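Me: I've got a model open and I'd like to talk through its contacts with you. Can we take it step by step?

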Amino acid sequence: LFDPVEKNGKLYGRGSLDDKYAVALSLVLLKEHLENVRKQNKGQEDLPFGVLITGDEETGGFNGAKRSLQEVKADFCIALDGGGVHKIVVKEKGLLKLKLVSKGKAAHGARPWLGENAIEKLIEDYMKLRTYFEQSTPDHWHRTSNFSVIHAGKSHNQVPDYAEAFFDIRYTENDNMDELIETMQEKIQGDLVVEMKEPLFFGGESPYLERLLDIAKNTEVGFEHGASDARFLVEHGIKGIVWGADGDQTQHSQDEHVNIESVYTLYRILDEFM
């Protein structure tokens, strides 16, 4: 899993696609262009681009991209963290981590009528909450909810007096999440707590994107359902995209890999673009 293996034109290993290939590609690109400007008796400050590498995207990016971008001035940013050679991502869903808390009354498991089962109350609330996420379209560009974690109960012979559940919610520009949470809260017994809320990513129109599409002839723009550090670009008014090599959507899996030829294709396009 952690030893790289090259097989059938693919490089396997944890992080090969997400996102170590991008680090290597960026550094090679920087090295080549730096050597070229030095041949012209110029320095790094004469390069038309820079490279920002952070290491905390999987835990939120708050100490990496979010903090670093406060010191960066740029007209355009390419986040090598998604999409594919033939798909440039120009928008991503927003992220909301929601906690549902249910409280009951403890009692001995042999006399459940003396207590109030917090797990049962939580399940009843969940069944109501899920009705707000039943929309489905072919492209799935709508809000979604994943019931991902539950903590409840201390002993098999006790009526639980506390239960909590966590939901990974992804939303679009068509959702007003503050209003939605208020509406859902009115329909349930328990309490909803917003643990984290992150904005959508919108890359915006840019002549740099138009130039990139001119170079990458067979590439189109699209969207992704996940979130990335690119969302922090919006806070600083920096236009940009999310792009990357192909890896058959194997991020975080036992089979994670990057298709090697796509890395070379991506490099050639970026080299010409710069």
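Me: How many salt bridges does the structure hold?
Reply: Keep in mind that this is a predicted model. Side chains of opposite charge can pair when their charged atoms come close. Counted over the structure, the salt bridges come to 14.

Me: Which residue does glutamate 256 meet in a salt bridge?
Reply: Glutamate 256 sits in the loop between strand E13 (239–243) and E14, and its partner is in the loop between E2 and H1. The two are 242 residues apart, so this pair links distant parts of the chain by the definition of these elements along the sequence. With an N to O distance of 3.6 Å, the partner is arginine 14.

Me: Is glutamate 256 buried or exposed?
Reply: The cut-off for buried is under 20% relative accessible area. Its salt-bridge partner, arginine 14, has 31% and therefore counts as partly exposed. Glutamate 256 has just 2%, so this residue is buried.

Me: How many residues apart in sequence are lysine 91 and glutamate 173?
Reply: Their side chains meet in a salt bridge, at 3.4 Å from N to O. Lysine 91 lies in strand E4 (residues 87–92), while glutamate 173 is in the loop between strand E9 (162–171) and helix H4 (177–187). Glutamate 173 is partly exposed, at 39% relative accessibility. The pair ties together parts whose separation in sequence is 82 residues.

Me: And what is the N to O distance between aspartate 175 and arginine 143?
Reply: Aspartate 175 is in the loop between E9 and H4, and arginine 143 is in the loop between helix H3 (118–129) and strand E7 (144–152), 32 residues apart. Aspartate 175 is buried at 17%, and arginine 143 is partly exposed at 21%. Their side chains form a salt bridge, and the N to O distance is 2.8 Å.

Me: Which residues are joined into one network by salt bridges that share partners?
Reply: Here we look for bridges with a partner in common. The residues joined that way are Lys99, Glu164 and Glu195.

Me: On to the sheet: what is the order of its three strands?
Reply: This is an open sheet with antiparallel pairing. Strand E1 (5–7) and strand E14 (257–259) each pair on one side only, which makes them the edge strands. Strand E2 (residues 10–12) pairs with E14 over three bridges. Put together, the order is E1-E2-E14.

Me: Which residue in E14 is the bridge partner of leucine 11?
Reply: E2 and E14 run in the antiparallel sense where they pair. In E14, the bridge partner of leucine 11 is valine 258.

Me: What angle does the direction of helix H7 make with that of E14?
Reply: Helix H1 (residues 16–39) lies across E2 and E14, at about 55° to E14. Helix H7 (residues 260–273) packs on the sheet as well, touching E1, E2 and E14. Its buried residues include Ile260, Leu266 and Phe273. The angle between H7 and E14 is about 60°.

Me: How far apart are the end C-alpha atoms of H7?
Reply: H7 has 14 residues, and at 1.5 Å a residue they should span 20 Å. The model agrees with that, because the end C-alpha atoms are apart by 20 Å.

Me: Finally, what distance separates the centres of domain 1 and domain 2?
Reply: The protein is divided into domain 1 (5–92 + 200–273) and domain 2 (94–198). Across the boundary, 12 residues of domain 1 are in contact with 11 residues of domain 2. Taken over C-alpha atoms, the centres are separated by 36 Å.

Terms used: Residues are numbered from 1 along each chain as its sequence is written. This is a predicted model: local features need pLDDT of at least 70, side-chain atom pairs count only at pLDDT 80 or more; totals for chains, interfaces and linings use all residues. Side-chain values use heavy atoms; hydrogens and water are left out. Two strands pair if DSSP finds at least two bridges between them. Helices (H or I, at least four residues) and strands (E, at least two) are DSSP runs, numbered from the N terminus. Contact means heavy atoms within 4.5 Å. Axes are lines fitted to C-alpha atoms, for helices over the stretch in contact, and angles run from 0 to 180 degrees between N-to-C directions. The expected span of a helix is 1.5 Å times one less than its number of residues. Buried means under 20% relative accessible area, exposed over 50%, partly exposed in between (1.4 Å probe, protein chains only). A salt bridge is a side-chain nitrogen of Lys or Arg within 4 Å of a carboxyl oxygen of Asp or Glu. Domain bounds come from an automatic or database domain assignment.
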